[in-house]
Amino acid sequence: MESLMRNSLLFLSKNRMANRAAKKYGLRFGARRFVAGEQIADAIAAVRELNDAGIVATLDHLGEFILTEEEALESTQFCIRTLQEIEKSGVRSNLSLKMTQLGLDLSRELCMRNMRAILDTAAACGNFVRIDMEDYAHNEASLDIFSELREEYGDTVGLVIQAYLYKSADDIDNLHRFRPNLRLVKGAYKESPDVAYPNKEDVDRNFIHIIEQHLRNGDYAAIATHDDKIIQHVKQFIIEHNIPRSQFEFQMLYGIRTQAQRDLANEGYTMRIYVPFGNDWYGYFMRRLAERPANVGFVLKSLFKS
Ligand SMILES: Cc1cc2nc3c(=O)[nH]c(=O)nc-3n(C[C@H](O)[C@H](O)[C@H](O)COP(=O)(O)OP(=O)(O)OC[C@H]3O[C@@H](n4cnc5c(N)ncnc54)[C@H](O)[C@@H]3O)c2cc1C
């Protein structure tokens with residue numbers, strides 16, 4: 001039942017008509033809990049509040065279904081403005097973005113051009129940009145783009161690796177030559193068992209495996225999870241292997257396990273929250289519901305309240 005619900009929600013997350021309607025009608029159905037607002041100013045205010053609680057952030061200007069060069073350019077301009085607003089306001093945040101948002105499905109060259117414009121701004125501001133990892137169809141292209149940009153921009157750019165893919169441990173070995181800053185996650189998309197572990201236990205096991213692998217390599221890890229078992233394991237592992245706290249950070253999503261976020265920050269760990277904003281919130285919101293169908297109850301309640 002739960003996997004049926006999850007698959008339906010992931011299916012709906014890709015529905016373009018629903019996405020258009022969502023954009024038109026604004027943040028609804030409880031999405032405000034997971035999305036910081038529609039404007040940059042809303043996002044900066046949310047980050048400031050987190051910073052006041054000793055928590056840092058990564059801002060994500062939501063954007064899905066980019067179909068034209070103009071839309072990719074608009075999205076690029078938004079990313080640049082976001083970096084400028086971070087600098088101007090003095091909040092502690094970097095930026096996360098997706099390659100398809102910058103036009104990867106239209107052409108790799110367009111995407112690279114847009115990404116270089118964003119990284120030039122980030123480098124000038126002394127900030128950092130992380131490439132989110134999307135579905136498997138974009139995996140190799142994202143790795144390849146990261147490798148090229150890492151040569152050019154060094155530590156200004158980072159990537160994400162998903163534990164549910166069979167290939168991820170090999171990818172980490174291949175990337176080690178760059179000493180990369182990687183965000184490690186379980187993985188959020190619906191993938192075929194040809195490329196990804198279908199069972200949660202195997203995903204969790206591989207998650208621990210790649211976290212340990214990357215930390216043992218001496219490279220910087222952003223461990224992005226709400227899973228207490230994984231967090232406890234990491235806390236123990238770093239003590240046993242003398243890994244300094246400066247070599248990793250925990251990350252969680254805006255609006256999820258907010259008390260745990262504060263607790264980890266109070267314990268002295270670097271805690272970074274992924275803060276999405278913008279009017280293109282529909283696909284992101286549906287993926288969060290798919291991760292935890294219990295949240296659907298929360299959404300239904302908010303539907304009847306509004
Ligand atoms: C900062 C960040 C960035 C991410 N970037 C990417 C990316 O680039 N690409 C990608 O594919 N995926 C990304 N993800 C999503 C990730 O792959 C998982 O889908 C997501 O984090 C859920 O997995 P989990 O590790 O929290 O563990 P789960 O096993 O899903 O959850 C563990 C426990 O956490 C709590 N929890 C989990 N989700 C929720 C929720 N929605 N509401 C309330 N409680 C919850 C529950 O108590 C649950 O039992 C990112 C996640 C984070 C935190």
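These exercises walk through the ligand site of a predicted model. Local features need pLDDT of at least 70, side-chain atom pairs count only at pLDDT 80 or more, and totals for chains, interfaces and linings use all residues. Residues are numbered from 1 along each chain as its sequence is written, and side-chain values use heavy atoms, with hydrogens and water left out.

**Exercise 1. Describe the shell around the ligand.**

Step 1. Count the residues. The ligand is surrounded by 25 residues, each with a heavy atom within 4 Å of it. The closest are K186, G187, K200, T225 and E291.

Step 2. Sort them by type. The shell holds ten nonpolar, six polar and nine charged residues. Here Ala, Val, Leu, Ile, Met, Phe, Trp, Tyr, Cys and Pro count as nonpolar, Asp, Glu, Lys and Arg as charged, and the others, Gly among them, as polar.

Step 3. Find the elements. Strand 4 (157-162), strand 5 (182-185), strand 7 (248-253) and helix 11 (282-291) each supply at least two shell residues. Strand 7 gives the most, with three. Helices (H or I, at least four residues) and strands (E, at least two) are DSSP runs, numbered from the N terminus.

**Exercise 2. Locate polar contacts of the ligand.**

Step 1. Apply the cut-off: a pair of N or O atoms within 3.5 Å.

Step 2. Look at side chains. Q162, in strand 4, has a side-chain N or O atom 2.9 Å from a ligand oxygen. For the side chain of H226, the distance from an N or O atom to a ligand oxygen is 2.8 Å.

Step 3. Look at the backbone. A polar backbone atom of G187 is 2.7 Å from an oxygen of the ligand.

**Exercise 3. Match the UniProt record to the site.**

Step 1. Read the record. The unreviewed UniProt entry lists K98, R287 and R288 under "binding site"; such annotations may be inferred rather than shown by experiment.

Step 2. Place one of them. K98 is in the loop between strand 2 (93-97) and helix 5 (108-125).

Technical notes:
A polar contact is a pair of N or O atoms within 3.5 Å; within protein, one must be able to donate a hydrogen and the other to accept it, and residues adjacent in sequence count only if both atoms are side-chain atoms.
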